[in-house]
Amino acid sequence: MVYPSNDNRCDVAIVGAGLAGGLLALALKARHPALDVRLIDAGDSVGGNHLWSFFGTDVADEDRWLLAPLVVHGWREYDIAFPAHARTIAATYYSIESARLDQVVRAALPPHAVMLGRKVGNVSPTAVAFVDGDRLEATGVIDARGVGDLQTLELGWQKFLGREIATDAPHGVERPIVMDATVKQIDGYHFVYVMPFSANRVFVEDTYYSDSATLNVRAVSQRLDRHVADKGWTGATVREEQGVLPVAIGGDFEAYWRSGGAKVAKVGMRAGLFHPTTGYSLPDAVRTATMIAGLSDFTGADLHRLTHDHARTTWEERRFYRMLDAMLFRAAEPDGRYRVLEHFYRLNPKLIGRFYAGRSTMGDKARILMGKPPVPIRRALGAIRGIR
């Protein structure tokens with residue numbers, strides 16, 4: 001049923017206007033133009049301050065329509081570099097900027113539907129309670145507000161500080177450098193990530209696969225300064241972003257789900273829908289958005305059942321990636337973790353693409369584990385014991 005638009009009643013209320021919430025709002029309005037969808041967030045923009053990048057193979061052909069209006073940068077190849085191995089991989093790579101997501105969502109939804117600057121107190125399957133006392137009733141509510149209780153999971157961390165620079169002279173980078181691990185290995189697996197947005201604009205990110213979730217912004221910023229100086233790049237910083245992403249080793253999925261609201265539908269990080277090894281959630285956000293948009297009934301109970309079962313199945317299907325993460329964090333010495341990734345990047349580009357998409361085949365999994373292992377066998381076997 002479609003209700004007439006008013007201030008306190010809607011069809012679908014999406015709480016959280018990040019990547020997952022924004023994509024879901026776009027998918028629902030595209031597939032159901034008459035649906036009264038509300039997108040709610042305490043912030044003042046959709047998407048916040050973020051850059052999301054993805055490989056072309058991360059997204060199924062039938063779902064590309066959802067991302068097409070959002071992509072602002074694209075390349076046909078990317079580079080990787082390790083102490084003993086470097087290569088250029090022929091695979092498409094794209095980036096989305098949060099400012100573009102904000103623009104597209106505002107154009108797709110009527111003004112009253114983009115409810116920014118609204119702090120939410122509690123949500124139920126059919127209602128959103130705001131801290132100012134207002135209440136929004138809905139046929140169904142979907143929570144997209146970010147992570148739940150991460151203490152229910154065993155985790156490593158991918159933490160980063162990125163800087164976009166308008167360089168005074170051409171920077172000379174031809175294509176993305178997805179991993180440059182030739183840098184000194186500090187605080188776990190350390191690499192630099194570089195994307196050339198134009199001849200005089202480049203994004204540089206300092207990234208770590210670390211045992212700790214603590215990001216020492218000052219220290220990392222100083223190392224980023226030195227890296228930029230070593231490259232000879234001068235110019236103004238246009239934008240900075242930082243983050244800490246979970247890398248899943250194990251844990252109790254049901255406990256995690258309940259921590260975000262036992263009977264409330266969830267998407268994105270809130271639902272545990274992120275790649276266990278990279279922490280990236282864009283491919284899952286696209287799949288979930290198009291899946292939900294394919295419904296004809298948006299009751300809270302049905303949305304909860306669909307999203308829970310999808311997230312649970314996805315968690316179970318990705319045990320292999322959690323096993324690899326256990327080997328990376330438990331079996332490999334922190335300053336030697338780069339060897340695991342160096343080994344991985346010697347493999348077939350199509351296998352690499354399926355890995356990042358979370359779609360590894362049985363053959364892929366066998367190939368990843370074949371050959372001389374980058375960590376001792378006994379330690380690797382001990383590390384994966386008990387993985388859930």
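Contact here means heavy atoms within 4.5 Å. With that cut-off in hand, a good place to start in this predicted model is L19, a residue of helix α1. Leaving aside residues up to four places away in sequence, L19 touches W52, L101, S281 and L282. Is L19 buried or exposed? Buried means under 20% relative accessible area, and L19 comes in at 7% relative accessibility, so L19 counts as buried. For a sense of distance, L19 and R318 sit 299 residues apart in sequence, and their C-alpha atoms are 22 Å apart in space.

One of the contacts of L19, namely L282, leads straight to the helix pair α1 and α6. Two packed helices are described by the angle between their axes and the distance between the axes. For α1 and α6 (residues 282-293), the angle is about 30° and the axes are 8 Å apart. Angles under 35 degrees count as roughly parallel, and the two helices are therefore roughly parallel to each other. The crossing of α1 past α6 is right-handed. On the α1 side, the contact takes in L19, A20, L23, L24, A27, L28 and R31, and these meet L282, A285, V286, A289, I292 and A293 of α6. Sorted by class, that contact comes to twelve nonpolar residues, no polar ones and one charged one. An α-helix has 3.6 residues a turn, so residues three or four places apart point the same way.

Helix α6 has another helical partner, α7 (residues 300-317), and here the packing angle is about 145° with the axes 11 Å apart. This crossing is right-handed too. From α6 come D284, T288, M291 and I292, while α7 supplies L303, L306, T307, H310 and T314. The make-up of the α6 and α7 contact is four nonpolar, four polar and one charged. I292 turns up in both settings, meeting α1 and also taking part in the contact with α7.

Helix α3 (residues 98-108) brings the story back to L101, which is one of its buried residues, along with S98, D102, V104 and V105. What covers them? The cover includes α1 (19-31), β2 (37-41), β3 (51-55) and β7 (93-97). Two of those strands, β3 and β7, belong to an open sheet of three strands in the order β3-β7-β4, with antiparallel pairing. The edges are β3 and β4 (71-75), each of which pairs on one side only. Ignoring direction, neighbouring strands in this sheet are turned by 20° against each other on average. Between β4 and β7, which run antiparallel, there are four bridges, and H73 stands opposite S95 in β7. Helix α3 packs on this sheet, where it touches β3, β4 and β7, and its direction makes about 65° with that of β7.

A second open sheet has seven strands in the order β6-β5-β13-β14-β15-β12-β16, and its pairing is mixed. Its edge strands are β6 (85-89) and β16 (235-251), each pairing on one side only. From one strand to the next, the twist averages 15°. At the β6 end, β5 (residues 78-82) runs antiparallel to β6 and is joined to it by five bridges; Y78 has I89 of β6 as its bridge partner. Helix α10 (residues 349-356) packs on the sheet by touching β5, β6 and β13 (177-180), with its direction at about 85° to that of β6. Helix α8 (residues 319-331) lies across β12 (153-167), β15 (201-210) and β16, and runs at about 105° to β16.

Finally, there is a run of strands joined by hairpins. Strands β9 (residues 120-124) and β10 (residues 127-130) run antiparallel and share four bridges. They form a hairpin with two residues between them, and N122 has A129 in β10 as its bridge partner. Strand β10 also pairs with β11 (residues 135-143), again in the antiparallel sense, over three bridges. Here A129 stands opposite R135 in β11. Which residue in the hairpin of β10 and β11 takes a positive phi? That is G133, with a phi near 100°, in a hairpin that has four residues between its strands.

Methods. Residues are numbered from 1 along each chain as its sequence is written. This is a predicted model: local features need pLDDT of at least 70, side-chain atom pairs count only at pLDDT 80 or more; totals for chains, interfaces and linings use all residues. Side-chain values use heavy atoms; hydrogens and water are left out. Buried means under 20% relative accessible area, exposed over 50%, partly exposed in between (1.4 Å probe, protein chains only). Axes are lines fitted to C-alpha atoms, for helices over the stretch in contact, and angles run from 0 to 180 degrees between N-to-C directions. Angles under 35 degrees count as roughly parallel, over 145 as roughly antiparallel, 65 to 115 as roughly perpendicular and the rest as oblique. A crossing is left-handed if the near helix is turned anticlockwise from the far one by less than a right angle, and right-handed if clockwise. Ala, Val, Leu, Ile, Met, Phe, Trp, Tyr, Cys and Pro count as nonpolar, Asp, Glu, Lys and Arg as charged, and the others, Gly among them, as polar. Two strands pair if DSSP finds at least two bridges between them.
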